[in-house]
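Colleague: Please take a close look at one part of this model, the side chains and how they pair. Could you start with disulfides and then go on to the rest?

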Amino acid sequence: MTANGSKRIFAFSEQKLSPSIFVYSFPEFQLKNKLKGTAPLDCTSLALSDGGPFLGCCSSLPNYTITVWNWEKAEPICSQPKAGCDVVSLVFNPLNCFQLCALGTASITVWNIEKSTNLHVLKPSCYIIPNMFTQPEVCTKAKLTPAAVCWTATSELYVTCAQGFLLLVDPESLDVSVQFNPSCKISTDTVGLFCKVGLPVKMLLSSVFIEIIKTWQIEQTVTTVMHSPDNEMLVVTSNKVRT
């Protein structure tokens, strides 16, 4: 499932091979469109763009294929087979609907939707392996495993890791910097929302310190965290509970 608060729409897919993807309006719950592919694929993650009428879908069969749809016309516009390994999340850049980030269990890839005549193609513009990243301010040389990703207002990427680190990635320069180290306090000046496996955390990052405003203990592993357009509410989804 994925949602776009500014457009008041949400989309979800069936859990089967060759699934249909349904796009609904909210709060009317009216069906806007039904997307049906022809290839024998599944659907592991979905994303809606803020700008154009784009919906991204990732399939683990075969070989993690990313497909971008025009959901208003119910037409696939481009597809990229072998888009990575173990892609678990897709996120469109809110400032650029032609750019989306694919988060894997060991890597992060930024894809650009490029148009040539009447043809759209997906091309990678940035490939990062955080678990190979070390820097002097990282107190330990532990391998880092990406857990969640979020675009910033300057088209950079915040990445949280299962080990508790918060990284800032610049897709243009490929620079990776540590914004928070669980064992070393580092100042920063950005606001972000992230989810650590099993425990969603909403963090306010100031120029002086990082303050954890509130935490919620949840027995089940969290699979999705989304926030409302006014940032006042969170939707937390797991395999067994929604709050």
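Modeller: In this predicted model, the number of disulfides is zero. C101 is therefore an unpaired cysteine: the nearest cysteine sulfur belongs to C126 and is 7.7 Å away, whereas a disulfide needs the two sulfur atoms within 2.5 Å. C101 has a relative accessibility of 0%, so it counts as buried. C161 is also classed as buried, because its relative accessibility is 2%.

Another cysteine, C57, sits in strand β6. Its relative accessible area is 8%, and since the limit for buried is under 20%, C57 is buried. Setting aside neighbours within four places in sequence, C57 is in contact with I21, C43, S45, L46, T65, I66, T67, W69 and L90. Between C57 and S79 the C-alpha to C-alpha distance is 9.4 Å, with 22 residues separating them in sequence.

G56 is likewise part of strand β6. With a relative accessible area of 0%, G56 is buried. Outside the four-place window in sequence, G56 is in contact with S45, L46, A47, T67, V68, L90 and F92. The C-alpha atoms of G56 and A102 are 9.9 Å apart, although the two residues are 46 positions apart in sequence.

Just before that strand comes S49, placed in the loop between β5 (45-48) and β6 (54-59). S49 counts as buried because its relative accessibility is 2%. A polar atom of the S49 side chain lies 2.4 Å from the backbone oxygen of G52. Beyond residues up to four places away in sequence, S49 touches N4, K7, F54, F92 and C97.

Next, the aromatic rings. A pair of rings is described by the distance of the centres and the angle of the planes. Taking centres within 6.5 Å as the criterion, the count is seven aromatic pairs. One of them joins F10 and F29: the centres are 6.0 Å apart and the planes stand at 70 degrees, so the pair is edge-to-face, the class for angles over 60. This pair links distant parts of the chain, with F10 in strand β2 (residues 9-13) and F29 in the loop between β3 (20-25) and β4 (31-36), 19 residues apart. F29 also pairs with F26, where the centres are 5.5 Å apart and the planes are at 80 degrees, so this pair is edge-to-face as well. Ring pairs tie F10, F12, F22, Y24, F26 and F29 into a cluster.

How exposed are F10 and F26? F10 has 12% relative accessibility and so counts as buried. F26 has 40% and therefore counts as partly exposed.

The backbone around F26 and F29 has two features to check. The peptide bond from F26 to P27 is cis, with omega near 10 degrees, and P27 lies in the loop between β3 and β4. F29, placed in that loop between β3 and β4, has a positive phi of about 55 degrees although it is not a glycine. A positive phi also turns up at S155, which is not a glycine either, with a value near 60 degrees. S155 belongs to the loop between β13 (146-151) and β14 (157-161). The relative accessible area of S155 is 25%, so it is partly exposed.

That leaves the charged side chains. Side chains of opposite charge can pair when their charged atoms come close. With a limit of 4 Å from nitrogen to carboxyl oxygen, the count is two salt bridges. In one, the side chains of E14 and K16 meet at 3.8 Å, N to O. E14 has a relative accessible area of 27%, so it is partly exposed, and K16 is partly exposed because its value is 46%. In the other, E114 is bridged to K123, with the closest N and O atoms 3.6 Å apart. E114, at a relative accessible area of 32%, is partly exposed, and K123, at 42%, is also partly exposed.

How values were computed:
Residues are numbered from 1 along each chain as its sequence is written. Side-chain values use heavy atoms; hydrogens and water are left out. Rings of Phe, Tyr and Trp (its six-membered ring) pair if their centres lie within 6.5 Å; planes under 30 degrees apart count as stacked, over 60 as edge-to-face and the rest as tilted. Helices (H or I, at least four residues) and strands (E, at least two) are DSSP runs, numbered from the N terminus. Buried means under 20% relative accessible area, exposed over 50%, partly exposed in between (1.4 Å probe, protein chains only). A polar contact is a pair of N or O atoms within 3.5 Å; within protein, one must be able to donate a hydrogen and the other to accept it, and residues adjacent in sequence count only if both atoms are side-chain atoms. Contact means heavy atoms within 4.5 Å.
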